[in-house]
Amino acid sequence: MRGSTARRRRTFPGARFASTTTRTTAARTSVALLTTAAVLASGGCLGGTDDASHPGGSRGGKRPAAKPSVLWNTKPDSIASLGDSITRGFDACSVLSDCPEVSWSTGTEVNSLARRLLPTTSRSATRTWNYAKTGAVMADLSGQLQSAVTRKPQLVTVLIGANDACRSSVDDMTTTSDFRADFSAALKTLRHDLPKTQVYVASVPDLKRLWSEGRKNVLGRQIWKLGICPSMLKDADATDPAAEERRRRVEDRVDEYNTVLKSVCSQDVLCRYDDAVHNYQFSTDELSKWDWFHPSKEGQQQLAAMAYRRITAP
């Protein structure tokens, strides 16, 4: 015991004069000082440094400026439209022919999206391009984009997918996986070549609704026999279980396509998906008087109004 006392005295001179209370008070004081220093440093009250031990720090306690967020331009001044027969104004002016002048996207003879965004006639005619093609399917979108890229539009509109479901039979419909792959590839191409171009993606129309409305017209049913969307429209009056099942499968596939469009588009900050087109219930007056399936001039203007609302939303 004496040896132990001697060692303590050599190691801690004067230790025998420090009481337990004094040592405890000193320890508490040290902890308090350390805690206060930590709080001040975390609150920026102590001068920071710019070295690696203080990532993101700055001298004088100033924080670095935040990076600007990507903003959607509600007033683009040039438009390229991509898609299928709907965007080409098929059957809107005459039977079985395109009429791009009344296209919902870039038409000059209706209150199109271009006329709404570019009210000056000369601008709406020279700053718009329609690369849609009647009969196009999603696999054709990348090719249309390649043409549009050369124009460097500020906005690209996309309305495509109906023909992927409108096949000769339900078994020939584009698979959902292929539909996704083709759309994703097209959007990646656009983003690579035109990183600042905005994209408006319209949902695929409700084909079953169009069948339900158009079948009321005798002439329309005759035109459908020429081969317009046979997977949905053939045997228009048939209501047997097989016919109902066929239409249900088409309807389900369209729903899957729209889920893909929404999902892929949501991954791009400059892409806006619009489900209004699928949800819209076209009236007879808004359908072509030749095939009662494609939008008429009135129907085209309804599409334009939907797109305008979505594109100009804050």
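Two strands count as paired if DSSP finds at least two bridges between them; strands (E, at least two residues) and helices (H or I, at least four) are DSSP runs, numbered from the N terminus. Keep in mind that this is a predicted model, where local features need pLDDT of at least 70, side-chain atom pairs count only at pLDDT 80 or more, and totals for chains, interfaces and linings use all residues. Residues are numbered from 1 along each chain as its sequence is written, and side-chain values use heavy atoms, without hydrogens and water.

Start with leucine 155: its bridge partner in β4 is glutamine 198. Now show β3 and β4 (residues 198–202), which run parallel and are joined by four bridges.

Widen the selection to the open sheet, whose five strands pair in parallel in the order β2-β1-β3-β4-β5. β2 (128–130) and β5 (271–274) are the edge strands, each with a single partner, so one side of each has no neighbour in the sheet. From one strand to the next, the twist averages 15° (axes are lines fitted to C-alpha atoms, for helices over the stretch in contact; angles run from 0 to 180 degrees between N-to-C directions).

Next, add α5, which packs on the sheet, touching β1 (79–83) and β3 (contact means heavy atoms within 4.5 Å). The direction of α5 makes about 165° with that of β1. Then select helix α13 (residues 297–311), lying across β3, β4 and β5 and running at about 135° to β5.

Which helix gives the largest share of the lining of the second largest cavity? Select α7 (176–193): four residues of that lining come from α7.
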